[in-house]
Amino acid sequence: MNMKILRQLGIILAICLAAEFIVSLLPIAFPSSVTAILILAALLGLKLLKEGHIQETADFMLSNMAIVFVPVSIGMVEDIGLLKGQLKGFLLVVCASLVLTFLGTYVTVRIVQICLDKLAGQGGASDG
């Protein structure tokens with residue numbers, strides 16, 4: 001069982017390292033984490049990587065994701081004094097970000113749903 005977990009961690013690490021390498025070649029700043037997600041999505045979509053190859057490790061990482069945000073939260077609390085006199089602007093930015101993120105997610109999901117519906121319609125029409 002331990003070798004399976006190590007293999008899964010190795011796959012995820014290799015994808016992250018490949019993303020870091022790709023980002024280092026780009027002429028613009030781009031987050032390597034987003035690049036890694038795109039690589040992972042491409043590998044899964046092309047069926048070069050099966051979900052089972054990283055299932056247990058990915059589930060563990062997702063279920064313990066809150067641990068990643070603890071240091072950031074503590075850092076924010078330590079620097080809370082920087083927000084003095086800026087609370088209104090900070091809340092405005094947080095609320096605007098919330099609304100824009102919600103709308104962006106909604107639009108993306110709708111586009112994917114429409115595309116999937118069209119693909120399903122095309123597949124059904126050619127089967128008949």
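This report walks through helix packing, a few individual residues and the cysteines in a predicted model.

## How H1 meets H2

Let's start with the helices at the beginning of the chain. Two packed helices are described by the angle between their axes and the distance between the axes. Helix H1 covers residues 2-25 and helix H2 covers residues 32-45. Their axes come within 8 Å and cross at roughly 120°, which makes H1 oblique to H2. The crossing of H1 past H2 is right-handed.

If you would like to find this contact on your screen, look on the H1 side for Ile-15, Cys-16, Ala-18, Ala-19, Glu-20, Ile-22 and Val-23. Their partners in H2 are Ser-32, Thr-35, Ala-36, Ile-39, Leu-40 and Leu-43. Thr-35, which sits in H2, is a handy residue to pick out here. Leaving aside residues up to four places away in sequence, Thr-35 touches Ala-19, Ile-22, Val-23 and Phe-30. Is Thr-35 buried or exposed? Its relative accessibility is 8%, so Thr-35 counts as buried, the cut-off being under 20%.

## How H1 meets H3

H1 also packs against helix H3, which spans residues 55-63. Here the axes are 8 Å apart and the angle is about 75°, so H1 is roughly perpendicular to H3. On the H1 side, the contact involves Lys-4, Ile-5, Gln-8, Leu-9 and Ile-12. On the H3 side, Gln-55, Glu-56, Thr-57 and Met-61 take part.

Gln-8 deserves a look of its own. This residue belongs to H1 and has a relative accessibility of 1%, so Gln-8 counts as buried. What does Gln-8 touch, not counting residues up to four places away in sequence? The list is Gly-52, His-53, Ile-54, Gln-55, Glu-56 and Thr-57. Among these, Gln-55, Glu-56 and Thr-57 are also in the H3 part of the H1 and H3 contact.

## The loop between H2 and H3

Two residues are worth a visit in the loop between H2 and H3. One of them is Lys-47, found in that loop. Its phi is near 60°, a positive value in a residue other than glycine. With 64% relative accessibility, Lys-47 counts as exposed, whereas the H1 residue Gln-8 is buried.

Glu-51 is found in the loop between H2 and H3 too. At 56% relative accessibility, Glu-51 counts as exposed. From Glu-51 to Met-61 is ten residues in sequence and 14 Å in space, C-alpha to C-alpha. Met-61 is one of the H3 residues that meet H1.

## A threonine in H5

Further along the chain, Thr-108 is placed in helix H5, which runs over residues 87-127. Where does a polar atom of the Thr-108 side chain find the backbone oxygen of Gly-104? The two atoms lie 2.7 Å apart. Thr-108 has 47% relative accessibility and counts as partly exposed, while Thr-35 in H2 is buried.

## Cysteines

How many disulfides does a search of the whole structure find? The result is zero. Two cysteines can still be described by their accessibility. Cys-16, one of the H1 residues that meet H2, has a relative accessible area of 36% and is partly exposed. Cys-115 has a relative accessible area of 42% and is partly exposed. Both values lie between the 20% cut-off for buried and the 50% cut-off for exposed, so the label is "partly exposed" for Cys-16 and for Cys-115.

Definitions and conventions:
Residues are numbered from 1 along each chain as its sequence is written. This is a predicted model: local features need pLDDT of at least 70, side-chain atom pairs count only at pLDDT 80 or more; totals for chains, interfaces and linings use all residues. Side-chain values use heavy atoms; hydrogens and water are left out. A disulfide is a pair of cysteine sulfur atoms within 2.5 Å. Buried means under 20% relative accessible area, exposed over 50%, partly exposed in between (1.4 Å probe, protein chains only). Helices (H or I, at least four residues) and strands (E, at least two) are DSSP runs, numbered from the N terminus. A polar contact is a pair of N or O atoms within 3.5 Å; within protein, one must be able to donate a hydrogen and the other to accept it, and residues adjacent in sequence count only if both atoms are side-chain atoms. Axes are lines fitted to C-alpha atoms, for helices over the stretch in contact, and angles run from 0 to 180 degrees between N-to-C directions. Angles under 35 degrees count as roughly parallel, over 145 as roughly antiparallel, 65 to 115 as roughly perpendicular and the rest as oblique. A crossing is left-handed if the near helix is turned anticlockwise from the far one by less than a right angle, and right-handed if clockwise. Contact means heavy atoms within 4.5 Å.
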